[in-house]
Amino acid sequence: MRKILLAASCGIFFVSGADNVSAERASSAVLKLCDSANGDTAGTSPADAPVDTQNGASTPKAQPNPDRPAKDVALSEQLQDLVVNRLQQSVARPQDRTAIEAFYRGREFSPLWVNASGALPSTRKAMSFLQGIAADGLDPKDYPTPAFSDLDQARLTADELTLTNSIVTFVRHASTGRGAFSRVSGSIYFDLKSPDLQQALEKIASSHDIVATLDSFNPQQPQYTELKAALSLARETPDADAAISATKAKIPRTHQIGHSPSKAPAARIDAILANMERWRWLPRDLGTAYVMVNIPDYTLTVINDGKSVWWTRIVVGQPGKHATPLLAETMKFITLNPTWNVPPSIIRNEYLPALARDPTALKRIGLRIGRNSDGSIRIYQPPSERNALGRVRFNFPNQFLVYQHDTPDKYLFSKPVRAYSHGCMRVEHPDQYAETLFSISQPEEGYTAQRIRSLYGRGERNINLKTPIPVYLTYQTAFVDDSGRLQTRPDIYGLDKTIVDLLKRDPRSVNVPIARNYGGDSIPVRGHTPSRHIGEQPYSSDRSWDPYSAASGASSFYRFDRRGSW
């Protein structure tokens, strides 16, 4: 009965296709189908197809396409055997193996880069792209490209997987960074999403412009492409004086604040490489409106519709354990007349020792002491013009518990180097900053700087942003200004050197994240203090006791502004 049905099927195919299919092609199809009735497995249903049972696998072999030459069919079978049974020899990373196997299964193990005659034209373009990847600050040695010179099937399929592995490695590095940010510092956190490598390969396979498709995995922000051009120029121009210089440039973005001497050629290249790597950690879409902090430039800029609409000077964290973190979060609300809740780390490390030396120390600077509902110690400062947070706090909840805020110590903004805080950012003109954010988020409500100042008082008040605004705390020691000139800034936290060292190491180790305790400073303080310290203490603005008081000639009294009440 099976033979009769197959014969009928052959006849129907031949008759119905006679007008559209050449006699030779139809005859070939008829013969293949009829041969299957006599025991040939080609053309059978998947359930009847032979399976590869090596190592216990149950994988249907690649089925021949009548339009494909026999050599190409054999090449697919060779590739299938390599992918199913020996992929670990070509692809070290387990997640990459999973994606690569799924990709080839989805195309019935048809090679992406070769056929029986050798490499395809698009393959040469992909190889050329990887060989020139140094233009993006990456090392071509991390992405080996085979020669495809040996037409032996085993060699061709091995070369096929070598190039595929290089491509997925590049996609991963370009999308999230060559090195894991957690290996650079514990003060960095970005919610990076690993690229879907199977989907990436499918996108590449269907591309009509493979170079453009591969480049699309790199950051596309103008700041990145400007650095890429600057890198090319820096490599071509060994004379630092002839190259783009930070000392002679007009700086519209930063209004010529805190610029540094021009770096030597090698140092300038390293700075660009480190900054390009950090751009890989940022979201590809920054948003229509966003806040960009540049820590080593000590500036904050508000961007809307691709243009800088407002900027201000800021004070950032001291180098070391009080460094301002790098992150991407969302501004959700603004607090007027904020209460400063002293973070547990400061209570534990600084204020309890101060109380042990002088039980009235905190009272004299306007701090009050109590207990939280869980019994832990609470030290806080009520709203006032002398509050450590000033009159305005800008809230973008994050793992590091940092925020932006006003400050009573305005004199620090006149200094060229402004790394004095415990990690939070002090803003020079908070009323104007708030006006700018409200004008973007809810312009219909008419929040002007004057109206915001009229709300200053002793009652804390939160105003939600109807349209939350992304905030990016970045570390740009090299960037291109609005006039097209490269600017450089001192590496105040030493991040450039750490990143450049990582880029020179084996990516198989540096790309693996390490665990970090991002919330360690928020552990409540449950230590004992004498009962007379725990009762509510009245507010006072006496600051004479503290050696860090501006009145005493030190750099800043309010060094205790690390990490707030979230």
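The legends below describe close-up views of a predicted model.

**View 1. Strand β12 and its two antiparallel partners.** Strand β12 covers residues 377-381, and 4 of these 5 residues are buried. Strand β10, residues 340-341, is joined to β12 by 2 bridges, and the two run antiparallel. Strand β11, residues 368-371, also runs antiparallel to β12, with 4 bridges joining the pair. In a regular strand, side chains alternate between the two faces of the sheet.

**View 2. Residues that face each other across β12.** On the β10 side, Asn 341 stands opposite Tyr 380 of β12. On the β11 side, Arg 371 stands opposite Ile 377 of β12.

**View 3. The hairpin of β11 and β12.** Between the two strands of this hairpin there are 5 residues. Gly 375 takes a positive phi in the hairpin, near 90°.

**View 4. Asn 337, a buried loop residue with positive phi.** Asn 337 lies in the loop that runs between β9 (326-336) and β10. Its phi is positive, about 55°, although Asn 337 is not a glycine. The relative accessibility of Asn 337 is 3%, so the residue counts as buried, the cut-off being under 20%.

**View 5. Glu 108, an exposed loop residue with positive phi.** The loop between α4 (94-106) and β3 (114-115) holds Glu 108. Phi of Glu 108 is positive, near 55°, and the residue is other than glycine. Glu 108 counts as exposed because its relative accessible area is 52%, where exposed means over 50%.

**View 6. The largest pocket and the residues nearest its centre.** The volume of the largest pocket is about 840 Å³. Its lining is made up of 37 residues, and those nearest the centre are Arg 93, Arg 172, His 173, Pro 507 and Asn 511. Three elements, α4, α6 (153-176) and α16 (507-510), each give two or more residues to this lining.

**View 7. Helix α6 and the make-up of the pocket lining.** With 7 residues, α6 gives the most to the lining of the largest pocket. Sorted by class, the lining has 14 polar, 13 nonpolar and 10 charged residues. Rolling a probe the size of a water molecule over the atoms shows where empty space is left.

Definitions and conventions: Residues are numbered from 1 along each chain as its sequence is written. This is a predicted model: local features need pLDDT of at least 70, side-chain atom pairs count only at pLDDT 80 or more; totals for chains, interfaces and linings use all residues. Side-chain values use heavy atoms; hydrogens and water are left out. Buried means under 20% relative accessible area, exposed over 50%, partly exposed in between (1.4 Å probe, protein chains only). Two strands pair if DSSP finds at least two bridges between them. On a 1 Å grid over the protein atoms alone, a cavity is a set of points where a 1.4 Å probe fits but cannot get out, and a pocket is an open set with protein on both sides within 12 Å along at least five of seven lines; lining residues have an atom within 4 Å of a point. Grid points are joined across faces, edges and corners, and a volume is the space filled by probe spheres set on the points. Ala, Val, Leu, Ile, Met, Phe, Trp, Tyr, Cys and Pro count as nonpolar, Asp, Glu, Lys and Arg as charged, and the others, Gly among them, as polar.
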